[in-house]
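Got the viewer open? Let's take a short walk through this one, selecting a few residues at each stop.

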Amino acid sequence: GTVVVCTGPTCGRSGGKKALAWFQELAGDNVKVESISCVSECAECALGPNVEVRKAGDGGPFYPIKNGVKTEDDVKAILGVE
């Protein structure tokens, strides 16, 4: 699967860049980590930092968005790691 971490203006200020670093550090080989500098495409900026979760086999175009991914524990919960 793939996780797409928002590092746009609002999410970046609220912790998106930190979350991106944790995803890059903790993701296994089977998870691709990407970032996007979004300007309100999901309209959930105030709830950020936001992460789009694309599970393998999901067709999209709309993937679930996890809000408020601010801590290392939040990242681990999304990745399913301890």
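Start by selecting glutamate 52. This is a predicted model, and in it glutamate 52 has a relative accessible area of 18%, so with the cut-off for buried set at under 20%, glutamate 52 counts as buried. Now add arginine 54: its side chain meets that of glutamate 52 in a salt bridge, 2.7 Å from N to O. Arginine 54 is partly exposed, at 29%. Why might such a pair form? Side chains of opposite charge can pair when their charged atoms come close.

How many salt bridges does the structure hold? There are three. For another one, select lysine 32 and glutamate 34, whose side chains meet with 3.1 Å between N and O. Lysine 32 is partly exposed at 49% relative accessibility, and glutamate 34 is partly exposed too, at 24%.

Next, jump to helix α2, residues 72–79. Pick glutamate 72 and lysine 76, which sit four residues apart there, about one turn of the helix. They form a salt bridge as well, with the closest N and O atoms 3.9 Å apart. Glutamate 72 comes out as partly exposed, at 28%.

Time to look inside. Select Val3, Val5, Ala19, Leu20, Trp22, Phe23, Ala27, Val51, Val69, Val75 and Leu79: these eleven residues make up the largest nonpolar core. Colour them by element of structure and you'll find that β1 (2–6), α1 (9–26) and α2 each supply at least two of them. Which one gives the largest share? That's α1, with four residues.

Stay with one member of that core, valine 51. Leaving out neighbours within four places in sequence, valine 51 is in contact with Val3, Val4, Val5, Phe23, Pro64, Ile65, Lys66 and Val69.

Last stop: asparagine 50, in the loop between β2 (32–36) and β3 (51–54). Is asparagine 50 buried or exposed? Buried, because its relative accessibility is 4%. Look for two polar partners around its side chain. A polar atom there lies 2.9 Å from the backbone oxygen of glutamate 44, and a polar contact of 2.8 Å joins the side chain to that of asparagine 67. To see the wider surroundings, show what asparagine 50 touches beyond four places in sequence: among them are Val4, Val5, Cys6, Cys11, Cys42 and Cys45, along with Ile65, Lys66 and Gly68.

Note on methods
Residues are numbered from 1 along each chain as its sequence is written. This is a predicted model: local features need pLDDT of at least 70, side-chain atom pairs count only at pLDDT 80 or more; totals for chains, interfaces and linings use all residues. Side-chain values use heavy atoms; hydrogens and water are left out. Helices (H or I, at least four residues) and strands (E, at least two) are DSSP runs, numbered from the N terminus. Buried means under 20% relative accessible area, exposed over 50%, partly exposed in between (1.4 Å probe, protein chains only). A polar contact is a pair of N or O atoms within 3.5 Å; within protein, one must be able to donate a hydrogen and the other to accept it, and residues adjacent in sequence count only if both atoms are side-chain atoms. Contact means heavy atoms within 4.5 Å. A salt bridge is a side-chain nitrogen of Lys or Arg within 4 Å of a carboxyl oxygen of Asp or Glu. A nonpolar core is a set of buried Ala, Val, Leu, Ile, Met, Phe, Trp, Tyr and Cys residues joined through side-chain atoms within 4.5 Å.
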